[in-house]
Amino acid sequence: MQSNDNTRQDRQELAYLPLPFPKAPVKQRRLAALREGLRGWWNRAWDVDGVLYEMWDDVLSAPEDGLRYMAPWIRAVLMTAGVAFVVLMAKAAGEVGLQALHQILTAVPKVQVGVDTSSGVASVVDQPVRTYLACVRVVNDQLP
(Lines give C-alpha, C1' and ligand atoms only; values in the text may rest on other atoms or scores of the structure.)
Protein backbone atom coordinates (compact mmCIF):
# COMPACT_ATOMS: atom_id res chain seq x y z
CA MET A 1 0.00 0.00 0.00
CA GLN A 2 1.18 3.51 -0.78
CA SER A 3 1.92 6.05 1.85
CA ASN A 4 1.92 9.80 1.83
CA ASP A 5 5.47 9.95 3.06
CA ASN A 6 7.52 12.47 1.02
CA THR A 7 10.86 11.46 2.34
CA ARG A 8 12.58 9.95 -0.67
CA GLN A 9 16.21 9.22 -0.95
CA ASP A 10 16.77 11.22 -4.16
CA ARG A 11 15.21 14.44 -2.82
CA GLN A 12 17.39 17.03 -1.13
CA GLU A 13 16.00 18.58 2.01
CA LEU A 14 16.17 22.33 2.37
CA ALA A 15 17.70 23.17 5.68
CA TYR A 16 16.69 26.83 5.43
CA LEU A 17 14.01 28.92 3.79
CA PRO A 18 15.24 31.15 0.96
CA LEU A 19 15.18 34.85 1.70
CA PRO A 20 13.45 37.15 -0.81
CA PHE A 21 15.71 39.21 -3.02
CA PRO A 22 15.83 42.90 -2.22
CA LYS A 23 13.88 45.08 -4.61
CA ALA A 24 15.84 46.75 -7.35
CA PRO A 25 16.27 50.50 -7.04
CA VAL A 26 13.65 52.45 -8.91
CA LYS A 27 14.99 53.30 -12.36
CA GLN A 28 14.09 56.38 -14.27
CA ARG A 29 11.43 55.59 -16.83
CA ARG A 30 12.62 55.15 -20.40
CA LEU A 31 10.43 57.90 -21.80
CA ALA A 32 11.53 60.28 -19.10
CA ALA A 33 15.17 59.60 -19.98
CA LEU A 34 14.40 60.12 -23.66
CA ARG A 35 12.56 63.35 -22.85
CA GLU A 36 15.54 64.62 -20.88
CA GLY A 37 17.88 63.72 -23.75
CA LEU A 38 15.70 65.54 -26.28
CA ARG A 39 15.38 68.55 -24.02
CA GLY A 40 19.17 68.72 -23.77
CA TRP A 41 19.53 68.45 -27.56
CA TRP A 42 16.88 71.12 -28.08
CA ASN A 43 18.63 73.53 -25.73
CA ARG A 44 22.03 72.90 -27.36
CA ALA A 45 20.53 73.37 -30.86
CA TRP A 46 19.14 76.80 -29.92
CA ASP A 47 22.38 78.01 -28.30
CA VAL A 48 24.23 80.80 -30.10
CA ASP A 49 26.37 78.32 -32.07
CA GLY A 50 23.62 75.69 -32.37
CA VAL A 51 22.20 74.28 -35.60
CA LEU A 52 18.67 75.64 -35.23
CA TYR A 53 19.92 79.07 -34.18
CA GLU A 54 22.12 79.29 -37.28
CA MET A 55 19.29 78.16 -39.59
CA TRP A 56 16.88 80.68 -38.05
CA ASP A 57 19.47 83.39 -38.53
CA ASP A 58 19.77 82.35 -42.21
CA VAL A 59 16.00 82.59 -42.64
CA LEU A 60 15.84 86.05 -41.02
CA SER A 61 18.69 87.41 -43.13
CA ALA A 62 17.44 85.95 -46.46
CA PRO A 63 15.34 88.99 -47.52
CA GLU A 64 18.30 91.33 -47.01
CA ASP A 65 20.81 89.00 -48.68
CA GLY A 66 18.78 88.46 -51.82
CA LEU A 67 18.60 85.31 -53.92
CA ARG A 68 22.26 85.37 -54.91
CA TYR A 69 23.76 85.58 -51.40
CA MET A 70 21.23 83.71 -49.29
CA ALA A 71 22.07 80.39 -47.65
CA PRO A 72 22.37 77.54 -50.15
CA TRP A 73 19.91 75.34 -48.28
CA ILE A 74 17.22 78.03 -48.53
CA ARG A 75 17.83 78.34 -52.28
CA ALA A 76 17.54 74.56 -52.62
CA VAL A 77 14.23 74.51 -50.72
CA LEU A 78 12.83 77.39 -52.80
CA MET A 79 13.91 75.83 -56.09
CA THR A 80 12.52 72.42 -55.13
CA ALA A 81 9.20 74.01 -54.19
CA GLY A 82 9.15 75.98 -57.47
CA VAL A 83 9.89 72.93 -59.60
CA ALA A 84 7.25 70.91 -57.75
CA PHE A 85 4.71 73.69 -58.35
CA VAL A 86 5.51 73.82 -62.07
CA VAL A 87 5.27 70.02 -62.39
CA LEU A 88 1.90 69.97 -60.60
CA MET A 89 0.55 72.79 -62.79
CA ALA A 90 1.75 71.03 -65.96
CA LYS A 91 0.10 67.82 -64.81
CA ALA A 92 -3.18 69.64 -64.11
CA ALA A 93 -3.05 71.44 -67.47
CA GLY A 94 -2.35 68.14 -69.23
CA GLU A 95 -5.32 66.50 -67.54
CA VAL A 96 -7.60 69.40 -68.52
CA GLY A 97 -6.34 69.28 -72.10
CA LEU A 98 -6.80 65.53 -72.37
CA GLN A 99 -10.29 65.76 -70.90
CA ALA A 100 -11.25 68.46 -73.43
CA LEU A 101 -9.80 66.38 -76.27
CA HIS A 102 -11.74 63.35 -75.08
CA GLN A 103 -14.99 65.36 -75.02
CA ILE A 104 -14.34 66.65 -78.53
CA LEU A 105 -13.56 63.21 -79.91
CA THR A 106 -16.54 61.54 -78.27
CA ALA A 107 -18.93 64.29 -79.40
CA VAL A 108 -18.53 63.42 -83.13
CA PRO A 109 -21.41 61.17 -84.17
CA LYS A 110 -20.54 57.90 -85.83
CA VAL A 111 -22.24 57.69 -89.19
CA GLN A 112 -22.71 54.31 -90.79
CA VAL A 113 -22.16 54.40 -94.52
CA GLY A 114 -23.68 51.44 -96.27
CA VAL A 115 -22.06 48.12 -95.60
CA ASP A 116 -18.72 48.27 -93.82
CA THR A 117 -16.44 46.26 -96.09
CA SER A 118 -13.05 47.25 -94.73
CA SER A 119 -11.29 45.48 -91.90
CA GLY A 120 -7.88 45.43 -90.28
CA VAL A 121 -5.32 47.98 -91.44
CA ALA A 122 -7.45 49.22 -94.33
CA SER A 123 -10.19 50.29 -91.92
CA VAL A 124 -7.80 52.72 -90.20
CA VAL A 125 -7.81 54.87 -93.31
CA ASP A 126 -11.16 53.87 -94.74
CA GLN A 127 -13.42 54.51 -91.74
CA PRO A 128 -12.47 58.17 -91.10
CA VAL A 129 -12.76 58.99 -94.82
CA ARG A 130 -16.21 57.38 -95.08
CA THR A 131 -17.35 59.15 -91.90
CA TYR A 132 -16.11 62.53 -93.19
CA LEU A 133 -17.87 62.08 -96.52
CA ALA A 134 -21.10 61.08 -94.80
CA CYS A 135 -20.93 64.14 -92.50
CA VAL A 136 -20.32 66.41 -95.50
CA ARG A 137 -23.32 64.87 -97.21
CA VAL A 138 -25.50 65.44 -94.11
CA VAL A 139 -24.36 69.07 -93.80
CA ASN A 140 -24.99 69.73 -97.50
CA ASP A 141 -28.47 68.27 -97.25
CA GLN A 142 -29.30 70.62 -94.35
CA LEU A 143 -28.17 73.79 -96.17
CA PRO A 144 -31.00 75.83 -97.81
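Helices here are DSSP runs of H or I with at least four residues, numbered from the N terminus. Asp-57 sits in helix H2. The model is a predicted one.

**Surface patches**

Asp-57 belongs to a negative surface patch. Its partners there are Asp-47, Asp-49 and Glu-54. The relative accessibility of Asp-57 is 40%. Partly exposed means between 20% and 50%, so Asp-57 falls in that class.

H2 also takes part in a nonpolar surface patch. That patch covers about 1200 Å². Its tryptophans are Trp-41, Trp-42, Trp-46, Trp-56 and Trp-73. Its valines are Val-48, Val-51, Val-59 and Val-77. Tyr-53, Met-55 and Leu-60 complete the patch. Helices H1 (30-45), H2 (51-69) and H3 (72-107) each give two or more residues to it. Which helix gives the most? H2 does, with six residues. Val-77 is a patch member and lies in helix H3.

**Helix H3**

H3 has 36 residues. At 1.5 Å a residue, they should span 52 Å. The end C-alpha atoms are 52 Å apart, so the span agrees with expectation. Is H3 largely buried or in the open? One of its 36 residues is buried, so H3 lies largely in the open.

**Salt bridges**

How many salt bridges does the structure hold? There are three. The table gives the N to O distance for each pair.

| Pair | Helix | N to O distance |
|---|---|---|
| Glu-36 and Arg-39 | H1 | 2.7 Å |
| Glu-95 and Lys-91 | H3 | 2.8 Å |
| Arg-130 and Asp-126 | H4 | 2.9 Å |

Side chains of opposite charge can pair when their charged atoms come close. Spacing along the helix matters too: an α-helix has 3.6 residues a turn, so residues three or four places apart point the same way.

In helix H1, Glu-36 and Arg-39 are three residues apart, which means a separation of about one helical turn. Glu-36 is partly exposed at 42% relative accessibility. Arg-39 is partly exposed as well, with a relative accessible area of 41%.

In helix H3, Glu-95 and Lys-91 are four residues apart, so about one helical turn separates them. Glu-95 counts as partly exposed, at 46% relative accessibility.

Helix H4 (residues 121-142) holds both Arg-130 and Asp-126. They are four residues apart, about one turn of the helix. Arg-130 has 27% relative accessibility and counts as partly exposed.

Terms used. Residues are numbered from 1 along each chain as its sequence is written. This is a predicted model: local features need pLDDT of at least 70, side-chain atom pairs count only at pLDDT 80 or more; totals for chains, interfaces and linings use all residues. Side-chain values use heavy atoms; hydrogens and water are left out. Patches are made of residues with over 30% relative accessible area and no salt bridge: like charges are joined within 9 Å, nonpolar side chains (Val, Leu, Ile, Met, Phe, Trp, Tyr) within 5 Å. Accessible areas come from the Shrake-Rupley method with a 1.4 Å probe; for residues, only the protein chains shown count as cover. A salt bridge is a side-chain nitrogen of Lys or Arg within 4 Å of a carboxyl oxygen of Asp or Glu. Lys and Arg count as positive and Asp and Glu as negative; His and the chain ends are not counted. The place of a charge is taken as NZ of Lys, CZ of Arg, CG of Asp or CD of Glu. Buried means under 20% relative accessible area, exposed over 50%, partly exposed in between (1.4 Å probe, protein chains only). The expected span of a helix is 1.5 Å times one less than its number of residues.
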